Amino acid sequence: MIYYFAYGSNMNEDELRTRGITILKAEKAFLKNYKIALTRHATTRGGGVLDVIPNEDLVEGVLYDLNDGDRGKVDAKEGVTVNAYEPITVAIETADGRMLNNVLTYRVCRKEDPPRASEEYEKSVLKGAVEH
């Protein structure tokens, strides 16, 4: 099983399911000492997309339990092979106070000053936030 901390549009479970990723469990979680910011222009999204950056803030997201075999699908969705995002491991805290180390998440490889996020992307992020 893989623990995956999702933020941004990946909090929206439809974003993962449409890529054939099986969600075994989902729960609200927090990534401490990071903030989210638009740091990449994604042509497939028509605007800026979110990233996590070290900071003294807190990122609210979703902890997913995924099948081991789905790691490659998540990497593909995040554009790992084209250096869009890179996998990193982080420590997170669940809403019920459990601390987990070595949790997978992703950060942008080459940060830039992107345009505003598209309305479609914003709607996907909000849908995921409401789900959890």
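This short presentation covers the pockets and one surface patch of the structure shown above.

Good morning, colleagues. Please bear in mind throughout that this is a predicted model.

I shall begin with the largest pocket, whose volume is about 400 Å³. It is lined by 25 residues, and those closest to the centre are Arg40, Arg45, Lys77, Glu78 and Tyr85. Four elements each give two or more residues to this lining: β1, spanning 2–6, together with β2, β3 at 47–66 and β5 at 99–108. Among the elements, β1 gives the most, with 3 residues. Sorted by class, the lining of the largest pocket comprises 11 nonpolar, 8 polar and 6 charged residues.

I turn now to the second largest pocket, with a volume of about 170 Å³. Its lining consists of 13 residues, and nearest the centre lie Met11, Glu60, Gly61, Val125 and Ala129. Here the elements giving two or more residues are β2, β3 and α3, the last of these covering 119–131. Which element gives the most to this lining? It is β3, with 5 residues. By class, the second largest pocket is lined by 8 nonpolar, 3 polar and 2 charged residues.

Finally, I come to the surface. Met1, Tyr3 and Leu24 together make a nonpolar patch of about 300 Å². Of these, Leu24 belongs to strand β2, which runs over residues 23–42. Why does Leu24 count as partly exposed? The reason is its relative accessibility of 48%, because the partly exposed class lies between 20% and 50%.

To close, strand β2 holds Leu24 of the patch and also gives residues to the lining of the largest pocket and of the second largest pocket. Thank you for your attention.

Definitions and conventions. Residues numbered from 1 in each chain as written. Predicted model: local features only at pLDDT ≥ 70, side-chain atom pairs only at ≥ 80, totals over all residues. Heavy atoms only, no water. Patch = residues over 30% accessible without salt bridge, like charges linked within 9 Å, V, L, I, M, F, W, Y side chains within 5 Å. Areas by Shrake-Rupley, 256 points an atom, 1.4 Å probe, with all protein chains shown as cover. Salt bridge = Lys/Arg side-chain N within 4 Å of Asp/Glu carboxyl O. Buried < 20%, exposed > 50% of the residue type's maximum accessible area, 1.4 Å probe, protein only. 1 Å grid on protein atoms, 1.4 Å probe; cavity = no way out; pocket = protein on both sides within 12 Å on 5 of 7 lines; lining within 4 Å. Points joined across faces, edges and corners; volume = space filled by probe spheres on them. Nonpolar A, V, L, I, M, F, W, Y, C, P; charged D, E, K, R; others polar.
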